[in-house]
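User: Please take a close look at how one pair of packed helices is arranged in this model, and set it beside whatever else helps to place it. A connected account in formal terms would be preferred.

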Amino acid sequence: MARKMADPSQPKPEWFGRVRYFEKNLPAMVQSIREWVEIESHSDDKAAADSMSAMLGQRFAELGGQPKAHRARDYADHLQIDFPGARERKPVLLLGHFDTVYPLGTLAHMPCHTENGRLYGPGVLDMKSGIGLMFHAIQALQSWHGKLPRPITVFLVSDEEVGSSSSRKITEELAKESGAVLVLEPAAGTRGAVKTARKGVGEYTLAVKGIAAHAGLDPAKGHSAIVELARQITAIAKLNDLRSGVTVNPGVIRGGTRTNVIAAEATVEIDARIQKASQARGLDRKLRALKPKDKRCTLTLEGGINRLPMERTTGVAALYAKAKSIAQQIGWKLEEAAVGGGSDGNFTAGIGIPTLDGMGGVGEGAHAIHEHIIISDLPRRAALLAGMIESA
Ligand SMILES: [Zn+2]
């Protein structure tokens, strides 16, 4: 129960007690996270990720939650767990994902292990430690209060790393029923900042069709899709506008068949990011306005902006202010950050529900071989999450 505090700037001993509670429980917290890292759950492997989903459902059910699987065809089933609590308040939505970017078998050469106070392993930062924080914060609230101070909805999706196409609707529906959304994605940087703004993200593919010809016998008859693509890529790169936060990255190119054939086809896949929702249209229009320089080539553009930006609305700022004042109780100056990557928090903030992201683990190397979390940061983050569940 969040008691009325006379002077919120003065640290309160009860908050230190809470951090100590989680310090005592740290081995159990690390054990949960480790167990879940050791179940591989690549987005594209439904069978493997389904066992992760089932195992998490079981664990949260043991805490008294009501698990519900949302069937998905191409990805693992998304997992919703409802916890009853004091009814007069809207639920808080704890949002996360259990899929990872690591193909099955990654554990063999990237085993989960601790070293220098860090826990390493595929998906440990992004974001199995976030799920661990949810689990242990709920457990703590139950033991402190007897019952939960408000209803909690945990929603863990299986397709976040691949764009959340099959979970997005459910995420938005659950957010609409909630008073606030706390996203347990990794914190920003090793100082553990929460994320109050995220860029919007899109993906485009530009395909060029040219005219094939023998490079030696008929060079004049060919119209190279590769040469045309090269010109288009130069034009696309010019759309970068770092100052306004619009970036485009022609990240993957393909084309041609043999060196002695003038290429008939070539494509580029483009990552696009925007800082404000209002920039989506303009960027889209510019990409669609690309014209072939070689008139015998044709261009086809597919794709679009998938996640609109999470903007720092007043609702977002108010949640951050609460988090900051809770952190202050334990002598912690909680920072905020605006980041370039998108998450499902973009969806919930996009429909106007106050959202605070980056509430999860602290570490480095998401999606990389050295992915890890800093173990000693877990207790205060769990205390912060518990406090936010109470008061957000
Ligand atoms: Zn993530």
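Analyst: In this predicted model, helices α2 and α5 lie oblique to each other. The geometry behind that description is an angle of about 135° between α2 (residues 26–37) and α5, with the two axes 9 Å apart. Oblique is therefore the appropriate term, since an angle must be over 145 degrees to count as roughly antiparallel, while roughly perpendicular covers 65 to 115. The handedness of the crossing of α2 and α5 is right-handed.

On the α2 side, the contact is made by Ala 28, Met 29, Ser 32, Ile 33, Trp 36 and Val 37. These residues meet Val 124, Lys 128, Ser 129, Ile 131, Gly 132, Leu 133, Phe 135 and His 136 of α5. Sorted by class, the residues of this contact comprise 9 nonpolar, 4 polar and 1 charged.

The partner α5 (residues 124–145) merits attention in its own right. With 22 residues at 1.5 Å a residue, α5 should span 32 Å, and the computed distance of 30 Å between its end C-alpha atoms agrees with that expectation. Of its 22 residues, 18 are buried, so α5 is largely enclosed by the rest of the structure. Just after α5, the backbone at Gly 146 adopts a positive phi of about 85°.

A second pair of helices can be set beside this one. Helix α9 (residues 314–329) packs on helix α11 (residues 378–391) at an angle of about 130°, and their axes are 10 Å apart. That angle makes α9 oblique to α11. The crossing of α9 and α11 is right-handed.

In this second contact, α9 contributes Leu 319, Lys 322, Ala 323, Ile 326 and Ala 327, which meet Leu 384, Gly 387, Met 388 and Ser 391 in α11. The contact of α9 with α11 divides into 6 nonpolar, 2 polar and 1 charged residues.

As for α11 itself, its 14 residues reach 20 Å from the first C-alpha to the last, close to the 20 Å expected at 1.5 Å a residue. Because 12 of those 14 residues are buried, α11 is largely enclosed by the rest of the structure. Among the buried residues of α11 are Leu 384, Gly 387 and Met 388, which also take part in the contact with α9. The buried set further includes Arg 381 and Glu 390, together with Leu 378, Pro 379 and Ile 389.

Key: Residues numbered from 1 in each chain as written. Predicted model: local features only at pLDDT ≥ 70, side-chain atom pairs only at ≥ 80, totals over all residues. Heavy atoms only, no water. Axes fitted to C-alpha atoms, helices over the stretch in contact; angles between N-to-C directions. Helix = DSSP H or I, 4+ residues; strand = E, 2+ residues; numbered from the N terminus. Parallel < 35°, antiparallel > 145°, perpendicular 65-115°, else oblique. Left-handed = near helix turned anticlockwise from the far one by under 90°. Contact = heavy atoms within 4.5 Å. Nonpolar A, V, L, I, M, F, W, Y, C, P; charged D, E, K, R; others polar. Expected span 1.5 Å × (residues − 1). Buried < 20%, exposed > 50% of the residue type's maximum accessible area, 1.4 Å probe, protein only.
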